Amino acid sequence: MQAFDYYFNLWGNFPDQIDRMGNGVDGFNTKIQKSTGWVENFAKTCTVFDLLANYVDKVGKAFGDMAAPGIRLNSQMHDLSAVAGVTGDALKEIEGYARDSAKAFGTDAGTAVEGYKLLLSQLTPELGKCPVALKSMGESIQTTSKLMGGDGVAAAEVLTTAMNQFGVSMDDPIAASKTMADMMNTMAAAGQAGSAELPAIKAALQQAGMAAKAANVSFEETNAAIQVLDKAGKKGSEGGVALRNTLAILSQGRFLPKDTQKELQGAGIDVLALGDKNKTLKERLEMLKPILSDSALFTKLFGMENANAARALVGGTDKLQEFTDAVTGTSSAEEQAAIVMDSYAERQARIRQQIDDAKISIFQATGDAALWVGALADTLVPMAQMVPLISGVGSLMAWTKGLDWAGMWRGTTRVVTACRYQMLFMNNELKTGIFTSNGFAINMLRATLAVVRFGTVGLMQGLKALGAFLLSLATTGGASATFAATASTAFGAFKLSAVTACRAVSVAIINIPIIGWIAAIIAGLAALGIYFWNTSVKFRAVLKGLAAAFVATFKGVWDMAKMLFGSIGDLISAAFRLDASAIAATLLRMRSGFSQYGSSIGKAFSDAYNAEMAKGAKKKEDKPSTPRMDVPAIEPVDVSGGTLQGTGTGTGTGDKESGPGKIRNITINIERLVDKFEVHTSQMAEGAERIREAVATALMGALNDVQLAQ
């Protein structure tokens with residue numbers, strides 16, 4: 001195995017060059033850092049304070065989220081205390097019931113307290129003095145809300161309506177809470193057995209509850225009757241009104257009309273038994289079945305507006321009993337609520353309320369800490385966001401201090417001076433009215449200034465000219481001459497400003513890249529129209545005919561309208577008189593009027609057209625016509641010896657340098673036809689026949705030109 005050693009020696013100024021390069025790089029880096037250092041520092045400052053602001057904001061939000069359930073519960077409890085006058089341990093006890101209800105039913109504790117407030121306001125504030133009864137009623141509200149999509153307020157209104165309509169006594173709050181639970185189960189069972197849901201039952205009870213209570217109809221049988229009427233199409237409050245009216249008629253007894261009592265007694269119905277409050281509603285209704293088929297008597301008893309509802313109740317007593325049995329002594333609401341609360345969402349809501357209950361405990365333990373943290377966060381976040389701006393303003397002020405203000409001022413003065421001279425030059429153009437196009441921007445600016453100048457100086461000069469002219473008319477002698485001279489000068493200034501404004505606008509429009517071309521095209525079309533107007537008789541005749549037809553159209557409109565409306569009136573009158581001949585005559589007059597109207601328009605066009613054509617023909621006849629010349633016959637030409645010979649007036653020459661039969665250049669002059677007629681040929685080697693054909697062709701062309709000219 002062999003080993004090799006390699007040695008490298010570097011001599012000269014290589015280390016010095018390396019050092020110099022390093023120093024150069026260091027200097028370059030230093031300059032870059034100086035030029036970008038303030039940007040980096042500003043960015044770092046913004047980043048730091050942005051992080052600080054975000055951190056403070058997140059801390060504030062965390063404390064806010066932690067304290068939110070406690071804040072809501074605290075607000076609701078203070079409202080409850082204000083309504084019921086409950087304080088101290090009783091208020092604490094109610095708060096505990098609300099928190100327990102929230103964990104049991106998965107609703108917010110503040111919502112539970114809202115239900116307590118509704119109970120206190122709808123039933124009696126005295127319930128606040130019995131927290132146990134308030135808790136039981138609150139649980140009934142929570143249970144009912146599960147059947148109404150979680151709407152606790154609607155559930156409280158349903159239960160309190162039932163309690164108030166049936167006059168449940170609040171003297172014993174515990175017994176009242178038990179009655180509310182029974183009513184809750186009854187209404188839930190009724191909604192389950194029949195077709196009317198809880199909101200419809202509430203609306204019906206608002207109308208019929210007190211009447212049912214006065215007629216000694218049980219709550220269960222009332223709900224059953226509501227379901228029967230709902231099946232018959234009397235839903236909600238309409239069913240309640242129908243039940244109320246039916247109960248009122250049944251309770252009249254001996255106060256029914258005498259003829260009605262007589263008819264009922266004839267049918268074997270005891271009138272007094274109909275109003276017997278010791279009988280159930282079913283028993284009273286069944287007494288009326290003998291007259292169910294007697295529509296007249298049934299309608300006489302209940303009235304037309306209540307007959308159908310009463311017929312549904314009397315005919316549905318079996319269904320009434322079935323519904324009554326179904327809603328009596330049940331726990332339907334609790335069973336339905338248990339099924340609803342077994343869902344995933346409800347179980348998740350109960351877990352969430354357990355966490356919120358812990359948050360409420362932390363909120364109550366920390367006291368006002370959350371209050372101060374939230375307020376400080378709301379203050380520190382905008383301050384942290386403002387710090388980079390303040391720092392940036394300071395850096396900007398330091399940067400502006402080093403600007404070349406003198407150079408900037410010199411540049412500004414140069415621009416202002418140039419603008420000033422440009423404005424002076426433009427003003428001179430506007431005064432003289434002599435200018436050319438200087439580009440789109442300058443043209444538009446000058447046009448604007450010209451219009452403004454005309455609107456101010458020009459109009460003032462015009463008013464001055466008018467006033468001086470009037471004074472020159474009112475005065476005599478030297479004063480009149482002075483005013484006349486002033487009026488002439490002022491009018492000249494007014495005219496110059498108006499012409500200048502029009503010219504400036506015209507130049508600006510013509511030099512707009514697209515609009516200028518459009519204006520040029522319009523001008524070209526106008527020129528073309530003028531040309532045809534001046535040269536074509538038929539063009540003028542058509543335009544004048546159209547104008548005459550247009551005038552005739554509008555002139556005949558009024559006469560046509562009078563004829564039309566008059567004919568319509570005559571036609572209506574004849575139709576009422578059944579006068580066939582008058583109707584036919586009126587229609588004929590209308591048709592004749594339309595025909596005359598169209599004929600007058602056509603005649604106006606035709607008259608104007610023919611008049612213009614006749615006028616053009618007359619002008620053509622008056623013009624001196626070109627005399628028609630008779631062309632002498634052309635005889636055969638002999639070209640022998642190179643000499644052109646023939647008869648008629650004319651001259652001919654030939655070039656004989658090329659020898660016989662080879663005519664190189666020939667010129668033929670024919671006069672008296674069109675002043676002078678020349679035919680030139682070059683290097684023609686053909687014979688006399690070819691020359692004759694050329695001359696004949698040329699002469700025929702000349703004759704055709706003369707014919708066209710005539």
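Welcome to a short tour of this predicted model. Glu-346 is a good place to begin: at 17% relative accessibility it counts as buried, because the cut-off for buried is under 20%. The side chain of Glu-346 meets that of Lys-146 in a salt bridge, with 2.8 Å from N to O. From there the briefing moves through other charged contacts, a cavity and the aromatic rings.

**Salt bridges that join distant parts**

- The count of salt bridges in the model comes to 16.
- Lys-146 belongs to helix α4 (residues 131-146) and Glu-346 to helix α17, so their bridge ties together parts that are 200 residues apart in sequence.
- Like its partner, Lys-146 counts as buried, with a relative accessibility of 9%.
- Helix α17 (residues 344-366) also carries Asp-357, whose side chain forms a salt bridge with that of Arg-99 at 2.6 Å, N to O.
- Arg-99 sits in helix α2 (residues 88-105), so this pair, too, links distant parts of the chain, with the two positions 258 residues apart.
- Both ends of the Asp-357 and Arg-99 bridge are buried: the relative accessible area is 13% for Asp-357 and 14% for Arg-99.
- The bridge is part of a network of salt bridges that links Arg-99, Asp-100, Lys-103 and Asp-357.

**A bridge within one helix**

- Glu-114 and Lys-117 form a salt bridge, and their closest N and O atoms are 3.4 Å apart.
- The two residues are three apart in helix α3 (residues 109-122), so about one helical turn separates them.
- The partners fall into two accessibility classes: Glu-114 is partly exposed at 25%, while Lys-117 is buried at 16%.

**The second largest cavity**

- The structure holds four cavities of 30 Å³ or more, and the second largest has a volume of about 50 Å³.
- Its lining includes Arg-99, Lys-103 and Asp-357, which are also members of the salt-bridge network.
- Other residues that line this cavity include Pro-69, Ala-102, Asp-108, Ala-109, Gln-353, Asp-356 and Ile-360.
- Helices α2 and α17 each supply at least two of the lining residues, and α17 gives the most, with four.
- By class, the lining has five charged, four nonpolar and one polar residue.

**Aromatic rings**

- The model has two aromatic pairs.
- In one of them, the ring centres of Phe-166 and Phe-219 are 5.1 Å apart and the planes stand at 80°, so the pair is edge-to-face.
- Phe-166 lies in the loop between α5 (152-165) and α6 (173-193), and Phe-219 in helix α8 (residues 219-231), so the contact ties together parts that are 53 residues apart in sequence.
- Phe-166 is buried at 7% relative accessibility, and Phe-219 is buried with a relative accessible area of 7%.
- The pair of Phe-298 and Phe-302 is tilted, with 5.0 Å from centre to centre and 40° between the planes.
- Phe-298 and Phe-302 are both found in helix α13 (residues 295-302), four residues apart, or about one turn of the helix.
- Both Phe-298 and Phe-302 are buried.

**A charge over a ring**

- Lys-135 is placed over the face of Tyr-97, at 5.7 Å from the ring centre.

Conventions. Residues numbered from 1 in each chain as written. Predicted model: local features only at pLDDT ≥ 70, side-chain atom pairs only at ≥ 80, totals over all residues. Heavy atoms only, no water. Phe/Tyr/Trp six-rings, centres within 6.5 Å; stacked < 30°, edge-to-face > 60°. Buried < 20%, exposed > 50% of the residue type's maximum accessible area, 1.4 Å probe, protein only. Lys NZ or Arg CZ within 6 Å of the ring centre and 35° of its normal. Salt bridge = Lys/Arg side-chain N within 4 Å of Asp/Glu carboxyl O. 1 Å grid on protein atoms, 1.4 Å probe; cavity = no way out; pocket = protein on both sides within 12 Å on 5 of 7 lines; lining within 4 Å. Points joined across faces, edges and corners; volume = space filled by probe spheres on them. Nonpolar A, V, L, I, M, F, W, Y, C, P; charged D, E, K, R; others polar.
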